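I opened my notebook to write down what I looked up in this structure, entry by entry. I will keep each entry to what can be read from the model.

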Amino acid sequence: MRAMDAQPGLDYLMLRITVFLLTGIGLVMVMSSSMTWSIIEGATVWSTALRQGSMVAAGLIMFWVCLKIPPQTVRRCSWWVLGIAVLLLVAVLIPGVGTGREEVGSQSWIVVGPLRLQPSEFAKVAIAIFGSHFLANRRVDNSGLRSPYTVFVGVAMLLAFLIMVEGDLGMAVSFGIVVLFVLIFAGISHRWVVAAFVFGFLGMLGVLLLGGFRSHRFHVYFDALFGHFEDTRGTAFQSYQGFLSLADGSVGGVGLGQSRAKWFYLPEARNDFIFAIIGEELGLWGGTVVILLFGVLGFFGFRTALRARDNYQSLLAATLTAGVVSQAFINIGYVVGVLPVTGIQLPMISAGGTSAIITLTSMGLLANVARHEPEAVSAVKSYGRPMFDRILMIAEPDAEEPSGTLRRPHGVRRGRAPEDRQARFGAPVTGRPRRSTAAPESARGLGAPVRSGRVLRDYDGSSTRDPRPRGSASGGRPRAPRQARSRRNK
């Protein structure tokens, strides 16, 4: 751990490597799992892979753009980002503008030419940016209606209500998880966290009792826990086929591109259940690599949050990390049968235009916080930009003071003040006493210093040790010892 702390810029490097590895794995697996479904849709065998590649390219461009924008600029635009999210969530509910109700049962997309925009994906990042800005450096003395937590929860509930009106319960749950992470990292009381979990449990219980296809998902989940499926040709068909895919893969896998489940056996093989194809073609080792990569992303994302410059950047990094990693483990959890099926995609791996662009944009914001760590900024100022930044023409991270701090007094150089350094590290043990550069008081007409014992009180209230031997008078010789004086008197 100490060796990692001695390497500034390590978080920035590891986040980039992890994101690019997950994105590359996603492109390969989408190409492998979508060939047969592209043919049945009347397109070429490469159509889905090419479309996903174009979406990933757009997401990487947004990743690059986010690296060039200072974090404080993103913070200043947080209200605008929130307003755009609300407008998109309202627009998708307008008949003729939003679509998807006939296809998947939820009106969740806005079709703009070849692009299918999903406003709920954008809303998750928007609430993370807004919450980090609104709750940063806040001291909450009460829990009334004017509390920052109450205001933020009210805004989040408005967005969650609009998502639920779309009919997308899985995305509403994912959005609620992001909101909960913002509150936890902002320092909300633990009793409110427990209350949120109780409320969520009661909501899931209500879904189970109301019936419908969402209730069937819970029944399939309980069947999987007990090791048997009652309806493998109906409600349990998708989960059962996913288990068969994982079982066929065993440890080493059947080989890349050799999946049998993608031949119209496993629904949503390129989207929600793409992890089952990974387990079948790449085996246990391939699935383990994907899980470990998301674990690495979580470790360095939270490490970035701990080392961030200010409270806003810390909240933003922690929330973005928790949102992506929790979504990944929810998806993997319901594919392997430890969670109910929610329809949440595997970020950076599942096929999906808006999901790829928005997720890579959020990862760009996270990497931007990492490159603005104080140690990373100092290393860049001393040794220059890394090669990645030079190739992509990304300027040096600015060294601006974090928002909410006091400005430096006029004439004081940039850096930590001596008193701050002493308060942080303590007084130096081997350092020499510093000499005062002020002119003597007698030369200023302030009179002689007032001597109290062996400590001289200066005009500004500071004290210095009297260097003269005890008993010496001002301007005279040192007084002789008492024994010598008595001998002369004799």
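**Entry on Met348.** I looked up Met348 and found that it lies in the loop between α15 (311-336) and α16 (353-371). The model I am reading is a predicted one. Most residues other than glycine have a negative phi. Met348, however, has a positive phi of about 70 degrees although it is not a glycine. I also asked myself whether Met348 is buried or exposed. With a relative accessibility of 8%, Met348 counts as buried, because the cut-off for that word is under 20%.

**Entry on Glu268.** I then turned to Glu268, which also has a positive value of phi without being a glycine, near 55 degrees. Its place is in the loop between α13 and α14 (274-306). Here the relative accessible area is 36%, so I wrote Glu268 down as partly exposed.

**Entry on Val19.** Which residues are in contact with Val19, once its neighbours within four places in sequence are left aside? I noted Phe63, Leu297, Met348, Leu360 and Met363, so Met348 from my opening entry turns up again in this list. Val19 itself is placed in helix α2 (residues 10-33), and with a relative accessible area of 1% it is buried. I paused over Leu297, because Val19 and Leu297 are 278 residues apart in sequence, while their C-alpha atoms are 7.6 Å apart in space.

**Entry on Leu117.** I found Leu117 in strand β3 (residues 115-117), and its relative accessibility of 21% makes it count as partly exposed. Not counting residues up to four places away in sequence, Leu117 touches Leu88, Ser108, Trp109, Ile110 and Thr354. I also looked at Ile358, which is 241 residues from Leu117 along the chain, and I noted a separation of 10.0 Å between the two C-alpha atoms.

**Entry on aromatic rings.** How many aromatic pairs does the count come to? I wrote down 12 aromatic pairs. In one of them, the ring centres of Trp79 and Phe130 are 4.8 Å apart and the planes stand at 75 degrees, so I recorded the pair as edge-to-face. Trp79 lies in helix α6 (residues 78-91) and Phe130 in helix α8 (residues 119-135), so this pair ties together parts that are 51 residues apart in sequence. I checked Phe130 further and found that it counts as buried, at 0% relative accessibility. I also noted that Tyr12, Phe20, Phe63 and Phe388 form one aromatic cluster.

**Entry on charges over rings.** Staying with Phe388, I saw that the charged end of Arg16 sits over its ring, 4.3 Å from the centre. I found another such case at Trp109, where the charged end of Arg116 sits over the ring at 5.0 Å from its centre.

**Entry on two helices.** I looked up how helix α10 (residues 169-186) packs with helix α11 (residues 190-210), and I noted an angle of about 170 degrees with the axes 11 Å apart. That angle makes α10 roughly antiparallel to α11. Which residues meet there? From α10 I listed Leu169, Val173, Leu180 and Ile184, which meet Val193, Ala196, Phe197, Met204 and Val207 in α11.

**Entry on Ser245.** I found Ser245 in helix α13 (residues 237-249), where its 2% relative accessibility means that it counts as buried. Leaving aside neighbours within four places in sequence, I listed Ala261, Leu266, Ala276, Gly279 and Glu280 as the residues in contact with Ser245.

**Entry on the whole chain.** I ended with the chain as a whole, which has 21 helices and six strands. Of its 490 residues, 42% count as buried. Among the contacts with a separation of 6 or more, I noted that residues 24 or more positions apart account for 65%. The chain exposes about 27,500 Å², and I wrote beside this value that carbon and sulfur atoms supply 62% of it.

Definitions and conventions:
Residues are numbered from 1 along each chain as its sequence is written. This is a predicted model: local features need pLDDT of at least 70, side-chain atom pairs count only at pLDDT 80 or more; totals for chains, interfaces and linings use all residues. Side-chain values use heavy atoms; hydrogens and water are left out. Rings of Phe, Tyr and Trp (its six-membered ring) pair if their centres lie within 6.5 Å; planes under 30 degrees apart count as stacked, over 60 as edge-to-face and the rest as tilted. Helices (H or I, at least four residues) and strands (E, at least two) are DSSP runs, numbered from the N terminus. Buried means under 20% relative accessible area, exposed over 50%, partly exposed in between (1.4 Å probe, protein chains only). A charge sits over a ring if NZ of Lys or CZ of Arg is within 6 Å of the ring centre and within 35 degrees of the ring normal. Contact means heavy atoms within 4.5 Å. Accessible areas come from the Shrake-Rupley method with a 1.4 Å probe; for residues, only the protein chains shown count as cover. Axes are lines fitted to C-alpha atoms, for helices over the stretch in contact, and angles run from 0 to 180 degrees between N-to-C directions. Angles under 35 degrees count as roughly parallel, over 145 as roughly antiparallel, 65 to 115 as roughly perpendicular and the rest as oblique.
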